[in-house]
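Got the viewer open and the cartoon on? Here is a short tour, one selection at a time.

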Amino acid sequence: MDTPARAVPRSLFAFSIFYGGMVCIAGVLGNKQVALGPLSALGPVFGVGPLAVEAGIFAFLLLVVVSSAVAELHGGKTANRLVLFGFVPLIVSILLSWIVHLLPASPDMQPANRDAIQLILGATWRIWFGGIVAYGISQTLNVTIFSWLKGREGASLLWLRAGIASMLSQIVDTFLFATIAFYGVFPIGELLIGQMIAKVTLSALLVPPLIYLFVALGRRLDRAPL
């Protein structure tokens, strides 16, 4: 007699697909630094230049929100498994980027486009390795802190648990990535301070409302009839 397949909650299935996509696109977006208006005014206060943040932070914050939402709905163990599975699209996307970078460009390709994509795909091994390490440790830390706070506070203060976990994990993410990727290449002190200020501020502003949105969406998906 066949063993019936265990049903995967609809929210977990949908969030897993979304999570994998954000893992892949984060590295692409990270090639651009953006100035975030009012955040730039904080730079002189902390003794650094105008604040800029790599645009991959928006995808990474969504990763933080999704993993926290999965921890809220399905438990920390399931959320950590999601983070672990996230290594698959991350590493495959890096390998594909390396292969495409090595392949010769079509002679019909416009030179400006060819040079731009080669520059984007041709990241050094330190940047790739830094991204992998920072992803794994920071995302696991986010789930761990979020789950620990839930164990202390219960189901209340969702916005606070998600915000604290995100801010602390983004500090660790920035420190690990910048140190692995750029230490010894150029002074990274101002880069670390500026990125941490920007990422903590974005976490405080964006994560609390987004976690309520994703948790509500997950509960609605799980209630929907098959």
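Start by selecting H1 and showing side chains: Ser11, Leu12, Phe15, Tyr19, Gly20, Met22, Val23 and Ala26 are the ones to colour as buried. Keep in mind as you go that this is a predicted model. Now put a distance between the end C-alpha atoms of H1: you should get 28 Å, and because 20 residues at 1.5 Å a residue should also span 28 Å, the two agree.

Stay on this helix and click leucine 29, which has its place in H1. Is leucine 29 buried or exposed? Neither quite: its relative accessible area is 34%, so leucine 29 counts as partly exposed. From there, jump to isoleucine 57, which is 28 residues away along the chain, yet the two C-alpha atoms are separated by 8.3 Å.

That jump is a handy way into H3, which covers residues 56-74. Run the end-to-end check again: the C-alpha atoms at the ends of H3 are 27 Å apart, and 19 residues at 1.5 Å each should span 27 Å, so H3 agrees too. Colour H3 by accessibility and you will find it mostly covered, with 15 of its 19 residues buried. Just after H3, pick glycine 75 and look at its phi, which is positive, near 100 degrees.

Zoom out for a moment. The whole protein has nine helices and two strands, and along the sequence they come in the order α-β-α-β-α-α-α-α-α-α-α. Of its 226 residues, 36% count as buried.

Next, the pockets. Turn on a surface and look for the largest pocket, with a volume of about 950 Å³. To centre on it, select Gly27, Gly30, Asn31, Ile127 and Phe177, the closest to its centre among the 34 residues of the lining. Which helices should you highlight around it, counting those that supply at least two lining residues? They are H1 (10-29), H5 (87-102), H6 (111-121), H7 (125-153), H8 (158-182) and H9 (189-223). Colour the lining by residue class and you get 20 nonpolar, eleven polar and three charged.

Then move to the second largest pocket, which holds about 300 Å³ of space. Of the 14 residues lining the second largest pocket, Val8, Leu12, Thr78, Arg81 and Phe85 are the closest to its centre. The elements giving two or more residues to this lining are H1 and H4 (76-85). By class, the lining of the second largest pocket splits into eight nonpolar, four polar and two charged residues. Leu12 is worth a second click: it is on the buried list for H1 and also one of the residues closest to the centre of this pocket.

Now hide everything except H8 and H9. Their axes are 8 Å apart, and the helices pack at an angle of about 145 degrees. Look along the contact and you will see H8 pass H9 in a right-handed crossing. The residues in this contact come to 18 nonpolar, six polar and two charged.

Last stop: bring H7 back and select leucine 157, in the loop between H7 and H8. Check the backbone here. Most residues other than glycine have a negative phi. Leucine 157, though not a glycine, has a positive phi of about 55 degrees. How exposed is leucine 157? Its relative accessibility is 37%, so leucine 157 counts as partly exposed.

Conventions. Residues are numbered from 1 along each chain as its sequence is written. This is a predicted model: local features need pLDDT of at least 70, side-chain atom pairs count only at pLDDT 80 or more; totals for chains, interfaces and linings use all residues. Side-chain values use heavy atoms; hydrogens and water are left out. On a 1 Å grid over the protein atoms alone, a cavity is a set of points where a 1.4 Å probe fits but cannot get out, and a pocket is an open set with protein on both sides within 12 Å along at least five of seven lines; lining residues have an atom within 4 Å of a point. Grid points are joined across faces, edges and corners, and a volume is the space filled by probe spheres set on the points. Helices (H or I, at least four residues) and strands (E, at least two) are DSSP runs, numbered from the N terminus. Ala, Val, Leu, Ile, Met, Phe, Trp, Tyr, Cys and Pro count as nonpolar, Asp, Glu, Lys and Arg as charged, and the others, Gly among them, as polar. Axes are lines fitted to C-alpha atoms, for helices over the stretch in contact, and angles run from 0 to 180 degrees between N-to-C directions. A crossing is left-handed if the near helix is turned anticlockwise from the far one by less than a right angle, and right-handed if clockwise. The expected span of a helix is 1.5 Å times one less than its number of residues. Buried means under 20% relative accessible area, exposed over 50%, partly exposed in between (1.4 Å probe, protein chains only).
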